[in-house]
Amino acid sequence: MLSLLMKFLLTLVLTLCWLRLCAQEPSEQQLYTDAKAGWKLTYPRGWQFQRREDSPEKTETTFYVGPTRAAAPAEATLIVRPLPENQKDRNLLAFGQLDSVWQAIRALPQPHVLRLEQRDLGRYQELDYEYTYTPKPGSAERFRVVGRRVWRGGYAYRLEYRAALSQDRRYQNLGQQLVESFGFTRSAALPSRRYDEQICDDKMYGIAALRVHDGIWEDDCRSIHQFSVSNPSASPKIHDRVLPFQSYALAKGFDNCLYSVTKSPTNAPEYVYRYNPATRQGEYTPWRLPAQGGESVWISAATDEHGDLYFITSNGGKLVKVSPADGSVSVVWATDPVRQAPYYSSIAFAGAGTHANFCLDDTNTIYQVYSTDGSLLKVDLATRQPAPEMLKLEGLPQRGGYSDVLLQKDAAGRQLYLAGPKALYRVNLDKHQAYQVRRGIYTDLAGCSLFAVRTRQEAPPRLPATATWRGRVLDAATLQPLARAQLRLRAGGGSATAVPLAPDGSFAFPTKSNQAYTAQVQFAGYWSSDTTYTTGFGPYVQDVLLRPLTVGATLSLENVHFEQGETVLLSSSLPALNQLVTLLKNTPGLAIELRGHTDNVGDSRKNLLLSQRRSAAVKAYLVSHGVAAARVTNIGLGGAEPRASNQRETTRRLNRRVDFRVVRVK
């Protein structure tokens, strides 16, 4: 019994302390950093946080108000998750992620999208949004969500502030500040899972042409030997018969996996196979090479400085590029560029060997080897122009089957390796001299340590010049679509354009990015809207609300302003006032109450008096333009009914306004 009493008293004390903290809106912020995931944000002092870690790359962190999360009136949650394999290398904005989020919001009861826009920042992509919704149909309470979704390094970061609209005055600005403060740290973070952000190791590989089985040499072309660039003469690690087919072609990706394709002359499209030496597991990729052509096979493969994979046919007539970052497969050439070389006739006679086995360097130069004598050929990949002469090498057997070349990088610098008839050679390109490294017969070599250190050029954000504004025209009270409303959009001082509405009240309108547009909306029984919006960069979603003229409805007179501390109307107020004059003249049975408001700066009694005088000034304007005085009453409320927080001037100015309430409609 004593234990229960102590628990009750402790809970009471915590609750009273929390209420004391909330009596004043916290302004101090404190920093939270997740060193493992590499992100940080600031949250209000006095808020609690709770973290759940399923694994280092799967976490959920919640910041909330009050002593317990279950009773929190407001909270913000950040969820970090790895993207699925088929999404980790994609720019998800290009694959309609904004549309997916918009559809998900629209599936909620009575949704209202205040903002949904995307940003492509190169190394990562982001969606920013704000919307309100009803938890379930018929519920009197509505909730606000302010969120950001970021995709970076193959991970998804989803941060959302959520609270009832009744809590806006106390927590909305704090929640928005928390969401806006999210960013990445410079130090340790989750290692990128994106293919083009991996770093090659120094291992090199070769497909073994032969193997010993039960003491007998036999054809292989399925086993892979693994060497270290630092000591390639050492005995290799053998990955025995790990390919599901015999192959001549092998390339190493930036993910340190090996990629191969069958050597069978199928003349049909073939899938590329991926083998991971670290796990010794393999699988077919979705990448499919085109048919190689009659009497030809895929004979060699290589990697370029971007991590793209290249496969070439034995006659050199077809070179195909596979881009693992986006999964695209494209034909680089369909005619052998070496045909243009002066020496071509000397290597293209009947019975001559192939010259297709190749590698790429970091200047987009292709090195090919003539299989008969080991001479090297060079082709500029960008221009498809071959060098005028072949490079003869010393130190090689006079005749034999030379099957591949590979450029690697070690502590001594760039090294060219050549697979000869019975041995692996290292080539000194300056001296045109080859040196035997080890014995062995290999059909193709693979490695990418030449590209292990890459200078990344951070491209500045490309801001699109055009945008598509999408949204819906909604009843502000019921949030139901108004498909028969009339919508016109106008940019700056230009003419207005009529915008058609779909049966669900939605619209789509091409605009210029980051430009102000005035939305003019009219519908019988509603207060006509004439509001200015600023478009985003690229696809952008924002709904337009129309407020019904029902008894008790309070409607804002947008852009009605006065001289500072005075009751003199500014000229910028006239469009809104004239719109109200027109409404009252066109609706004889309408009677209204003007309601003046101020912020909370200064003496409250003076603010109350100022708000009364300002509402009276608006009434005087209406009467002077032909509206009967009996149809318009006015009151002043001072700072008693703020529309937004008074903590900052950017929101405080929203509280200095004049509204009108409908008191009679006939």
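**Close-up views of a predicted model**

**View 1. The stretch from 549 to 666.** Over residues 549–666 the chain is 32% helix and 19% strand, with the C-alpha atoms at the two ends 11 Å apart. UniProt, in an unreviewed entry, puts the feature "domain: OmpA-like" on residues 549–666. Keep in mind that everything shown here comes from a predicted model.

**View 2. The whole chain, for orientation.** Before zooming in further, here's the full picture: 7 helices and 45 strands make up the chain's regular elements. Its radius of gyration is 35 Å, well over the 26 Å that the globule rule gives for 666 residues, so the chain is more spread out than a compact globule. The C-alpha trace spans about 110 × 75 × 40 Å along its principal axes. Some 48% of the 666 residues count as buried. Take the contacts with a separation of 6 or more, and 56% of them turn out to join residues 24 or more positions apart.

**View 3. The surface and its charges.** About 31,900 Å² of the chain is exposed, and carbon and sulfur atoms supply 51% of that area. On the charge side, there are 80 positive and 62 negative side chains. The centres of those two sets lie 7 Å apart.

**View 4. Gly596, tucked into a strand.** Back within the stretch of View 1, Gly596 sits in strand β43, which covers residues 591–597. Its relative accessible area is 0%, so Gly596 is buried. And what does Gly596 touch, once residues up to four places away in sequence are set aside? The list is Ser611, Ser615, Ile635, Gly636, Leu637, Gly638, Arg657 and Val658. To link this view with the next one, Gly596 and Asn514 are 82 residues apart in sequence, and their C-alpha atoms are 33 Å apart in space.

**View 5. Asn514, a loop residue with a positive phi.** Most residues other than glycine have a negative phi. Asn514 goes the other way, with a phi near 50 degrees. Look for Asn514 in the loop that joins β36 (506–512) to β37 (516–522). At a relative accessible area of 47%, Asn514 is partly exposed.

**View 6. Cys221, another positive phi.** Here's a second non-glycine residue with a positive phi: Cys221, at about 65 degrees. Cys221 also belongs to a loop, this one between β13 (216–219) and β14 (224–228). Is Cys221 buried or exposed? With 7% relative accessibility, Cys221 counts as buried.

**View 7. His432 and the partners it meets from 391 to 394.** His432 is in the loop between β30 (423–428) and β31 (433–439). It's partly exposed, with a relative accessible area of 32%. Not counting residues up to four places away in sequence, His432 touches Leu391, Lys392, Leu393 and Glu394. One of these, Lys392, is 40 residues from His432 along the chain, yet the two C-alpha atoms are separated by 6.9 Å.

**View 8. Glu28, just ahead of β1.** Glu28 lies in the loop that runs between α1 (2–22) and β1 (29–34). Leaving out its neighbours within four places in sequence, Glu28 is in contact with Tyr43, Pro44 and Arg45. Take Arg45: Glu28 is 17 residues away from it along the chain, while their C-alpha atoms are separated by 5.7 Å.

How values were computed
Residues are numbered from 1 along each chain as its sequence is written. This is a predicted model: local features need pLDDT of at least 70, side-chain atom pairs count only at pLDDT 80 or more; totals for chains, interfaces and linings use all residues. Side-chain values use heavy atoms; hydrogens and water are left out. UniProt positions are given in the numbering used here, feature names are shortened, and annotations may be inferred rather than shown by experiment. Helices (H or I, at least four residues) and strands (E, at least two) are DSSP runs, numbered from the N terminus. The radius of gyration is taken over C-alpha atoms; the globule rule is 2.2 Å times the number of residues to the power 0.38. Buried means under 20% relative accessible area, exposed over 50%, partly exposed in between (1.4 Å probe, protein chains only). Contact means heavy atoms within 4.5 Å. Accessible areas come from the Shrake-Rupley method with a 1.4 Å probe; for residues, only the protein chains shown count as cover. Lys and Arg count as positive and Asp and Glu as negative; His and the chain ends are not counted. The place of a charge is taken as NZ of Lys, CZ of Arg, CG of Asp or CD of Glu.
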